[in-house]
Amino acid sequence: MCTELDLALAPCVAADPARLALAAARAAEAEPGQVTSLRILRRSVDARRRPILVNLRVALTVAEPAPAPESPVFRYPEVTGRPHALIVGAGPAGLFAALRLIECGVRPILLERGRDVSARKRDIARLHRDHTLDPESNYSFGEGGAGTFSDGKLYTRSRKRGDNRRALERLFFHGAPEEILFEAHPHIGSDKLPSVVARLREAILAAGGEIRFETRADELLLRQGRALGVRLSTGEELTAGAVLLATGHSARDVYETLHRQGLRLEAKPFAMGVRIEHPQALIDALQYRREPAQLPFLPPASYTLAHQAQGRGVYSFCMCPGGFIVPAATAPGETVVNGMSPSRRNSPFANAGLVVEIRLEDLAAFAAHGPLAGLRYQQELERAAFSHAGGGQTAPAQRATDFVSAHTPHDLPESSYLPGLYPSPLHAWLPPALASRLREGLLAFDRSLRGFLTREAVLVGVESRTSSPVRIPRDRDTFQHPQAAGLFPLGEGAGYAGGILSSAIDGENGAAAAAAWLAVAPAL
């Protein structure tokens, strides 16, 4: 007999395979010795009530031979000599688009301005050690995009974009841990993601695709309402029947180029603010209170917080339990921070973006920049952060309690931010609309999670790149830009995704649309 069961177990039971199997057998009204296989289908922690429980959905085989293990398999046909398409950007949208093109019999040529993951590691180490920023190879640019050296979160609330399960299975097939297939909030980790990205690259190359690193596309080739290819920074021109634009939201020069070339762009809402960091032990105590005996069997605690302040949402974003704050600037003279976690989430710190919703009506001061108004607002805040830091990649910071009480900071707690923090009165120089709402949000969060607002918490500036402030319009069905046939804006940079998983799914969908277009498009 094969059956699926829902279980709610104490964390210590759920973490012990023998005790889990016994609990599942009892729930199935079977003898433990009759159970021939047990597979976890879904796992989540419910810390909202007491006692804390681990919710599991399991597949159980009783009194029958254990079924053969099921493992997803992806096959990529040889595409050497097949019609080709250009993909600009080798982040999740670009890599998954390339694999989907191969499955459709199209040869992908990926153009990535940054370096491969191994070289990126060296550039990032230099960034931490010497504060030397390479504008083309950093936490945002390079193979795998901004997600490569992040927490590797694979959770998306949207079910409209496509098949989440297929994207997760593709990552598992290329080396991601099996847990991503059943965890409610799956993640891979900044230590494991680079090897997964490298295997995606190897699959593309093995099938006959091409990847060119340190290759920046500076201009689209357009003629009579059709995209014909790109012009590289070297002056070389590459042509193709389809151009898939998957450049990520930090590639600001792409927006500038499209705007200059007369292609329509649209300003869109986004969010900006700071990173907040606590000791992970404090977050564990707040979330897992009254059950210290269960802590060894529970993952590092996370949180999701939201509040309406003066008509705008204030919320936590990209929470990284057991993680680090990292420098995410892409150009000199700006300070940007982001968060990441290793797979074990074993850092003594927890951090999250603490951001305020920015609507189009909030951009009146930047209206002269048209669809680039939000981008200009981002840049202004990042330059302000740089001017209030201590130079290099140090970041301006303030204790959360000093921020709320408007006290000038004189000291700071320990932090995971390796380039170093610089005491700065964030409350005084952040835009008033941001500062006042962040203050109100912090007070509200402390009411719902008592102890969240503490001298041990530090605010680090600035978290400005939560999502793209620009959308590149496209047809809902064909994925093509309305003014340029054959141009497919994809992923987070185009304004249609928000994270690794949704970007990957959007890349796959866009690639399928591009393959369909190539099958009927008139010759160049």
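**Reading Ser-448 and two helix pairings**

Student: Which backbone oxygen lies 3.1 Å from a polar atom of the side chain of Ser-448?

Tutor: The oxygen belongs to Phe-445. A polar contact is a pair of N or O atoms within 3.5 Å, where within protein one must be able to donate a hydrogen and the other to accept it, and sequence neighbours count only through side-chain atoms on both sides. Do remember that this is a predicted model, where local features need pLDDT of at least 70 and side-chain atom pairs need 80 or more, while totals for chains, interfaces and linings use all residues. Residues are numbered from 1 along each chain as its sequence is written, and side-chain values use heavy atoms, without hydrogens and water.

Student: Where is Ser-448 placed, and is Ser-448 buried or exposed?

Tutor: Ser-448 sits in helix 12, residues 432–448; helices are DSSP runs (H or I, at least four residues), numbered from the N terminus. Buried means under 20% relative accessible area, exposed over 50%, and partly exposed in between, with a 1.4 Å probe and protein chains only. Ser-448 has 55%, so Ser-448 is exposed.

Student: How are helix 3 and helix 13 arranged?

Tutor: Two packed helices are described by the angle and the distance between their axes. Here the axes, lines fitted to C-alpha atoms over the stretch in contact with angles from 0 to 180 degrees between N-to-C directions, come within 7 Å and cross at roughly 40°. The two helices are therefore oblique, meaning outside the ranges under 35, over 145 and 65 to 115 degrees.

Student: Which residues meet there?

Tutor: In helix 3 they include Phe-96 and Arg-100, and in helix 13 they include Gly-507 and Glu-508; contact means heavy atoms within 4.5 Å.
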